[in-house]
Each structure stands twice: as structure tokens, then as C-alpha cells.
Amino acid sequence: MDLVEIMSHLSIPRPDHSPALEETAVYIKTTLTDWGIPFVVQEFTLRPYMQLILGIALLALAVLLLVLVIKKRPVAALIVALAIPLLLLAEFEFFVPVVTGIVKKTGQNIVVTYTVANPARELIFAAHYDSKTDFWDHIQRARIYRFIPLAIVLGLAVAVFTFFTRRYAPLKKKGGTIAAGITAGVLVIYWGLVFLGFGGYIFLPADRQSFGAVDNGTSVAALLALAKDIHDGKVSLGNSNVTIVFTAGEEVTLQGAHWYVKERFGASWQPALPTTLVNLELVGQNGPMVYWKKDGVFLKYYDADPELIERLGAAWMRVSETSIEPRESITDDAQRFMAVGIPAITVGNSGTPGLGEGGFHSTKDNFSRVNMDNLALMIHALELYIEGYLTK
Ligand SMILES: [Zn+2]
């Protein structure tokens, strides 16, 4: 098994809307087949332009709000102002496609399962194989997105204000209407910036595409290596079933993991066996193993499981003699498992020295960022983590 050769197939732009996504799925499946490893493909309805369409919808609502405020249509303005937070909630918090299902394709999760004779637990591992490029980096994006609550409140306020500009004489004069119009106009500019954050990638040329080497090619390589080592009998499973899931659609709001969890566990988790998830992100760059304390998308964030922090930390200590480090929060596939009550954690490498958690979803996420020694250490740590259940 040549990890450099494997990484050469996983350091290419493969966004969910591109044919490269399917080509990467074919590569993963072909590799497993060549190694004699059985797998199952779970097909699902993938909405590849999720954020782009949501961004357009939000901007359109903001433009509509401006028109209604200028035309003094308060009821309609209020409905439109309310539609903005409801749309965000439905799509990002409840995973209900309201507008983003207008473009669909077939997505694939690739699932490898190892079962033992007397299982006492199931250990799931996951990594997404899609990539993403963003118009702005995550610091620029965060500067814009932090005003989303304020923009929602201002939108509602300007709609309510429109009731009064109709009714009360002093406000009927131009001043009130102009102030409301300017506020609604600023909101159009603001939601335009959000649109660029969500969907501005569509304007970027081919040479600005992220290679997705560390987000999340290395994680896929690590799980391929893990699958092969288990298949070759190099890892003692004891009484643990092991499931390895390669997901698509993570970068368009966790769609692959959403389908996997929904199909396997339903809305609430009734375990046949105690089940946990170790999700991989940003594996195989410089630095020690890190985990993220919180995982969420929009409003609710879930905690990483304390026992998994301890177990992964112990395994990492054994291979590297360094401690696992906490990071603040992340949005990734583990959130879908946590939401139904499955204990989960996301681990990766810190990226220090280097860009740390920065420079992803851009050309800075390329093969030169990969630390092959660290990738090998991570694979070893995951195997020791599995074997850690032999003793306790
Ligand atoms: Zn990722």
C-alpha cells in the first residue's frame, strides 16, 4: 500500500457538483475491490448546490423586502422578513430542503463492514471524500456571518416599521420611508455578501479550486489504510464490529452522513449494540492530534464524547508521545450522529507549525501541506484505539 500514490488521487478538486466526485467514488471502490475488501454503496439524493441555492434565495428575499418596504406593504414585508430566519432554520438546523432540492443528483456513501462472532459494540469511522472551495476564507466568512442574527432582527424591525409609516402622519412623510428604504437597502447589500460566502465559489476560475488534500483526502487515505490493515489481519478487533463510512455531500451540509444515520438509526437511536463514531477531519497535516469540543451547524452544538477523547488521546500518546489537544468547534459529519445520541468525536492534526485550521477550501489545501509521517501515525493511532477495547 503506497500512501503517496493514494494521496495523488485524493488531492484533486472534487466538489459535490462536479464529475470528479463520482471519479473519486470510483477510485475508492476500485481500490477496495483490488484489495479484495467487500463494500456496500448507499445511494442518496444529493443536493450539490445546496449553499449556492440557499444564498440566492436569501438574497432574493432581501430584494423583495426592499421592494415591499418602499411600496409600503407591511404584511407582505413581515412575511418575507420572517421567511429569512425560517429558511435558514429549516435548511441548516432541521435538514429540511425547502428551496435547495431544485437541483439533485445521486450521491454515494461507501460502507465497509467488519463483523466479529460475539460483538459487544460497534465502532464506526467516517471521512468525507468531497471537497469544497469558498469565495472567502473562514476568517472573512466569520466576519460576515456573525451579523446574520442582527440582519434578521433589522429585517423584522423594518417590516414592522412599515406598518407605522402607513398609519401615523409624522412617519408618513418622506423621512420615515427613506430611513426604512435605506435600512432595507443595506440589508440587500448584506445578504449579497452572505450569498458570496455561500455561493460565490461559482465565480472562481478553475485555478482557484481547493485540492482538498487535508480536507479531507488524508482522512480518506487513513480509512482506506485502516480497512486494508483490518482485512489483512493486522488489527485485533476483539469483540468490536468495525464500520468504515466514506461519505459524499459533507461540504454541502452533511448530506451523506444525514442519509447514513437516517437509514441506519432513524430519528432516535435504539442501539442493538453500543455504537460510537470517530470522524476524521484535517488528518495528516503537521502537529499533534486534536479534537473539537463542539460540533454543530447553525444553532445547536453537541459535545465530543469524553470517553472517546480519552481513548483517542491514549492511542495518540502511545504512537507520538504527545498529548491530544482540544480545539473549539467544527461543522462536520459527526454532528448528524451526535444529533441522534450516538457518542462521537472528530479528530485530526493541529496544522502547527503551519496554517492550523486556516487555509482550507482554497488552493492552500494542497499536497504540500500533507505530512506523510503524521498520516502514518494517525493510522497507527486509530488501530491502537480499536485494540484499546481488548483490555477495557
Ligand atoms: Zn472537511
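What follows is a chat about a predicted model of one protein chain.

Me: Quick orientation first. How many helices and strands are in the protein chain?

Reply: You're looking at 13 helices and nine strands. Bear in mind that the model is predicted.

Me: And how does the radius of gyration compare with the globule rule?

Reply: The radius of gyration is 23 Å, and the globule rule gives 21 Å for 392 residues. Those values are close, so the chain is as compact as a globular protein of that length.

Me: What box do the C-alpha atoms fill?

Reply: Roughly 80 × 45 × 40 Å, taken along the principal axes.

Me: OK, what about burial? What share of the residues is buried?

Reply: Buried residues make up 56% of the 392.

Me: And the surface, how much area does the chain expose and what do carbon and sulfur supply?

Reply: About 16500 Å² is exposed, with carbon and sulfur atoms supplying 62% of that.

Me: I'm thinking about electrostatics too. How far apart are the mean positions of the positive and negative charges?

Reply: They sit 16 Å apart, counting 33 positive and 36 negative charges.

Me: Back to the fold. What fraction of the contacts comes from residues 24 or more positions apart?

Reply: Among contacts with a separation of 6 or more, such residues account for 86%.

Me: Let's pick a helix. What span does α3 have?

Reply: Helix α3 covers residues 50-70, which is 21 residues, and runs 31 Å from its first C-alpha to its last. The expected value at 1.5 Å a residue is 30 Å, so to speak a close match.

Me: Leucine 54 is in there. Is leucine 54 buried or exposed?

Reply: Leucine 54 does belong to α3, and it's buried, because its relative accessibility is 0% and the cut-off for buried is under 20%.

Me: Which residues does leucine 54 contact, sequence neighbours aside?

Reply: Beyond neighbours within four places, leucine 54 is in contact with Leu87, Glu91, Phe92, Val99, Thr100 and Phe198. Take Phe92: that residue is 38 positions along the chain from leucine 54, and their C-alpha atoms are separated by 9.9 Å.

Me: What comes after α3?

Reply: Lysine 72 follows α3, in the loop between α3 and α4. Its phi is near 55°, a positive value in a residue other than glycine.

Me: Why flag a positive phi?

Reply: Because most residues other than glycine have a negative phi.

Me: Why does lysine 72 count as partly exposed?

Reply: Its relative accessibility is 21%, and partly exposed runs from 20% to 50%.

Me: Where's histidine 361, and what is its phi?

Reply: Histidine 361 lies in the loop between β9 and α13, with a positive phi of about 60°. Histidine 361 is buried, at a relative accessible area of 12%.

Me: I'd like to check omegas next. Which residues does the cis bond with omega about 0° join?

Reply: Threonine 352 and proline 353. Proline 353 is placed in the loop between β9 and α13.

Me: And where's the cis bond with omega near 15°?

Reply: That peptide bond goes from aspartate 215 to asparagine 216. Asparagine 216 lies in helix α9, residues 213-231.

Me: Switching to α10. Which residues of α10 are buried?

Reply: In α10, residues 255-265, the buried ones are Gln255, Gly256, Ala257, His258, Tyr260, Val261 and Phe265. Just after α10, glycine 266 takes a positive phi of about 70°.

Me: Now leucine 312. Where is leucine 312 placed?

Reply: Leucine 312 is in helix α11, residues 306-320, and counts as buried at 0% relative accessibility.

Me: What does leucine 312 touch?

Reply: Not counting residues up to four places away in sequence, leucine 312 touches Val278, Met289, Ile324, Ile345, Val347, Leu382 and Tyr385. Isoleucine 189 is 123 residues from leucine 312 in sequence and 45 Å away in space, C-alpha to C-alpha.

Me: Last one, the start of the chain. Where is aspartate 2, and how far is it from isoleucine 182 in space?

Reply: Aspartate 2 is in the segment before α1, 60 Å from isoleucine 182, C-alpha to C-alpha, with their positions 180 residues apart in sequence. Aspartate 2 is partly exposed, with a relative accessible area of 44%.

Technical notes: Residues are numbered from 1 along each chain as its sequence is written. This is a predicted model: local features need pLDDT of at least 70, side-chain atom pairs count only at pLDDT 80 or more; totals for chains, interfaces and linings use all residues. Side-chain values use heavy atoms; hydrogens and water are left out. Helices (H or I, at least four residues) and strands (E, at least two) are DSSP runs, numbered from the N terminus. The radius of gyration is taken over C-alpha atoms; the globule rule is 2.2 Å times the number of residues to the power 0.38. Buried means under 20% relative accessible area, exposed over 50%, partly exposed in between (1.4 Å probe, protein chains only). Contact means heavy atoms within 4.5 Å. Accessible areas come from the Shrake-Rupley method with a 1.4 Å probe; for residues, only the protein chains shown count as cover. Lys and Arg count as positive and Asp and Glu as negative; His and the chain ends are not counted. The place of a charge is taken as NZ of Lys, CZ of Arg, CG of Asp or CD of Glu. The expected span of a helix is 1.5 Å times one less than its number of residues.
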